[in-house]
Amino acid sequence: MQYNFDEIIERRGTNCFKWDALKAFFGHDDVTPMWVADMDFRSPDFVLEAIRKRCEHEVLGYTMPSNGYWQAVTAWLQKHYNIQTTKENLHFIPGIVAGISYALLCLTQPGDKVLVTTPVYPPFLNLPKDSGRALVCSPLKIVMSDSRHSRFEIDFDDFERKAKDCKVFIMSNPHNPAGTVWGAEVLRRVAEICERHNVIVISDEIHADLTLPGHRHVSYSTVSDKGITFMAPSKTFNIAGLGSSVCYIADETLKKRFFGWLDALGVAGGNIFAFTAAEAAFSQGEEWLNQMLHYLNENVQTLEQFLKERMPKVKAVLPEASYLAWLDFSGYGLTHEQLKDTLLSDAKVALNDGITFGGDAYQCCFRINLGCPKSMLLDALERMATAIR
């Protein structure tokens, strides 16, 4: 079956955060949203059909994950990431942000230090601070991977110096905001440092399935069993609204501690449609995902070519995984506030503010979401180029 990712789907008026929260967050509702990390593609037909079929039964009572759900999850993890597991090492989680929050509450005490690498997904910065933990940031470096492309890399001297005093490292793998893929060598070095200093690694791998052609995701759990790995079908199959994620832990001591905490507090139960959708996605989603990744890769190439021709002063870190890119507009000589106003008021495009990913060091930077029909992307880029000029 050939899927149509060029289709424009009207999402306004559906309580869609990406579109219907624009006025509240940006003060404008007449802009194109290229911010919230979900896609403007139709959710897969096989997922929607599974939900419709479940609704044919007219009782929506308490439910539990079926054997089919666990079989679909374990088969997906084994095939795609060489994670050999049974359901005993897995736990359902209603969302990865919630899962990270639970892990911090379970594994650390107020005042303990939590390490992150910046720029990074804003909840990684907010969760430690909001729970009374001390946030420690290790800034990433931007390096040229070849003559045309740049990527984020870990400054391991700084990373180890700061890791010594930390209880937990929250890792974005692949990295958000720019989709950098951490290879096996990098992950092994992270593991060696963290294990030497007794730092527990929490690996958020929500974008793993979105690794683009030519790259390969390596799960942290395959280089070390001393960590917690979170994955989900939510970004992959555009079903984030269903709150369906999974946690994998190999280490028996850590597993008993965290899974026992979750079960004792009753905070990680699922709902009927989370289980139904995830099972359908993981058991039937290969072809849809392959086609979608091909389309996303074309969007990345479209952005790269457009920047080269129309906005050459923008320095970009393009994704190796995910539909998120990092754009640095500092070459245009405008202040951060001037850029924000130009992009929002003149270009009518809503992007994620780079400062929210790690502070003032990321002024003049913005994250853009490429998970949309190509015509929508080109229209937004055209308006950005015209406004910035």
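**View A. Strand 3 meets strand 7 in this predicted model.** Strand 3 (residues 113–118) and strand 7 run parallel, and two bridges join them. To find your way in, start at Leu-115: its bridge partner in strand 7 is Phe-169.

**View B. On the other pairing, strand 7 lines up with strand 8.** Here the pairing with strand 8 (residues 200–204) is again in the parallel sense, this time over five bridges. Phe-169 turns up once more, with Val-201 as its bridge partner in strand 8. Add helix 8 (residues 184–196) to the picture and you have a right-handed β-α-β unit, made of strand 7, that helix and strand 8.

**View C. Strand 7 up close, residue by residue.** This strand covers residues 168–172, and it's mostly covered itself: five of its five residues are buried. Val-168, Ile-170 and Ser-172 point one way, while Phe-169 and Met-171 point the other way. Whichever way they point, all of them are buried.

**View D. A look into the largest nonpolar core.** There are 73 residues in this one. Among those with the most contacts inside it are Met-292, Met-311, Phe-329 and Met-384. Helix 11 (residues 286–310) chips in the most, with ten residues.

**View E. Zooming in on Leu-303 and what it touches.** Leu-303 is also listed with the best-connected residues of the largest core, those with the most contacts inside it. Leaving out residues up to four places away in sequence, Leu-303 touches Leu-318, Ala-325, Leu-327, Ile-368, Leu-370 and Leu-381.

**View F. A second, separate core.** This one has 29 residues, including Cys-106, Val-114, Val-120 and Ala-268.

Key:
Residues numbered from 1 in each chain as written. Predicted model: local features only at pLDDT ≥ 70, side-chain atom pairs only at ≥ 80, totals over all residues. Heavy atoms only, no water. Core = buried A, V, L, I, M, F, W, Y, C linked by side-chain atoms within 4.5 Å. Buried < 20%, exposed > 50% of the residue type's maximum accessible area, 1.4 Å probe, protein only. Helix = DSSP H or I, 4+ residues; strand = E, 2+ residues; numbered from the N terminus. Contact = heavy atoms within 4.5 Å. Pairing = 2+ DSSP bridges. Right-handed = clockwise from strand over helix to strand, strands pointing away.
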